[in-house]
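Colleague: Could you take me through one part of this model in close detail, at a pace that suits a first-year student? I would like to follow the reasoning from one step to the next.

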Amino acid sequence: MPLVWLAWWFVMEAGHDDYDQGGGAFLGIVCVMLILPLLGLLHATAQIMPAATLARLRPRAVRGPEWAWHLGGSALIGTGWSALGYALWGWPVADALPWLAGVGALPVLLLARLRGRPWGPWGAWLRSAGASFVLFVVCGVPAASLAGHYHPPQLSEGQLVGDWRGADGSVLRLAPDGHAELNRVPAHNDVDEDGDFSLCDGTGTWTREEGNDFQNTDRDGVLVHLDNECGQETYWTIGGTTPEPELFVRFGDPDAGELRILTQR
């Protein structure tokens, strides 16, 4: 379970922008240490042990190593869970099937190697828990350090010029002369109004800014100032990648607030 979870987490997080959310991903790694033993028990109950039962139910006339039948049963049960996930929750078969069918391979092969050891009824469980913790520490720390290496694109003023679009039909048009046009673009609310942001229409100005302490970020961005009274000036941080740049701002709680993203298209 530690290796499977770390592989999934690394694919999802490696090189990705956290949108200035901070250390949430690393904190998640710490919390998973408490969850993995329960997930391991659930996995053993829902897939590994039923697969062992299927392997033992094969006709005696059929030959072959038991671990191979155990492995086939595990893949079959994983396929069944994938089909159930698709039917109930719409899980994509191309993503869920390889994970659920293959997640039992390592436990089955280890069980085959450890079979017959005089460890008692709880020995295998306790040693498995210890091995899982060691694997998690050995593999988790390097994975966390590698996954955090994200570098936002360096966009010039010329590259920022154009239309930036987002949810709710938002369109932010940045002109070469520093003029900005807004259509349902979110902006920070005045401090005496309810809510964290308003969807603003109108015109204003924009400038490319380097990250500083005043904006509470070390990342470059675009500062948009409105001519009307719809909202306060808003700092849009540069994110995404060079081929697919983004502008984003987070309203409210820095760790769990409303995230709005504009893409250039």
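**The disulfide and its surroundings**

Modeller: In this predicted model, a disulfide joins Cys200 to Cys230, with a distance of 2.0 Å from S to S. The structure holds 1 disulfide, and this link is a good place to begin. If you look along the bond itself, the angle about S-S is -90°, and the link of Cys200 and Cys230 is left-handed. It helps next to ask where the two cysteines sit: Cys200 belongs to strand S4, which covers residues 197-209, while Cys230 lies in the loop between strand S5 (221-226) and strand S6 (234-240), so the pair ties together parts that are 30 residues apart in sequence.

Is Cys200 buried or exposed? Its relative accessibility is 0%, and because buried means under 20% relative accessible area, Cys200 counts as buried.

From Cys200 we can step to a residue that touches it, namely Arg184, whose contacts, leaving aside its neighbours within four places in sequence, are Asp168, Gly169, Ser170, Leu199, Cys200 and Asp201. Arg184 itself is found in strand S3, which runs over residues 179-188. Although Arg184 and Asp201 are 17 residues apart along the chain, their C-alpha atoms are separated by 5.4 Å. With a relative accessible area of 37%, Arg184 is partly exposed, whereas Cys200, one of its contacts, is buried.

To place this part within the whole, it is worth knowing that the protein has 7 helices and 8 strands, and that 31% of its 265 residues count as buried. Among contacts between residues at least 6 apart in sequence, 53% join residues at least 24 apart.

For a second kind of arrangement, turn to the helices. Two packed helices are described by the angle between their axes and the distance between the axes. For helix H3 (residues 66-89) and helix H4 (residues 93-102), the axes come within 8 Å and cross at roughly 150°. That angle makes H3 roughly antiparallel to H4, and the crossing of the two is right-handed. On the H3 side the contact is made by Ser74, Ala75, Gly78, Thr79, Trp81, Ser82 and Tyr86, and on the H4 side by Val93, Ala96, Leu97, Leu100 and Ala101. Sorted by type, the residues of this contact are 8 nonpolar and 4 polar, with no charged ones.

Terms used: Residues numbered from 1 in each chain as written. Predicted model: local features only at pLDDT ≥ 70, side-chain atom pairs only at ≥ 80, totals over all residues. Heavy atoms only, no water. Axes fitted to C-alpha atoms, helices over the stretch in contact; angles between N-to-C directions. Helix = DSSP H or I, 4+ residues; strand = E, 2+ residues; numbered from the N terminus. Parallel < 35°, antiparallel > 145°, perpendicular 65-115°, else oblique. Left-handed = near helix turned anticlockwise from the far one by under 90°. Contact = heavy atoms within 4.5 Å. Nonpolar A, V, L, I, M, F, W, Y, C, P; charged D, E, K, R; others polar. Disulfide = S-S within 2.5 Å. Buried < 20%, exposed > 50% of the residue type's maximum accessible area, 1.4 Å probe, protein only.
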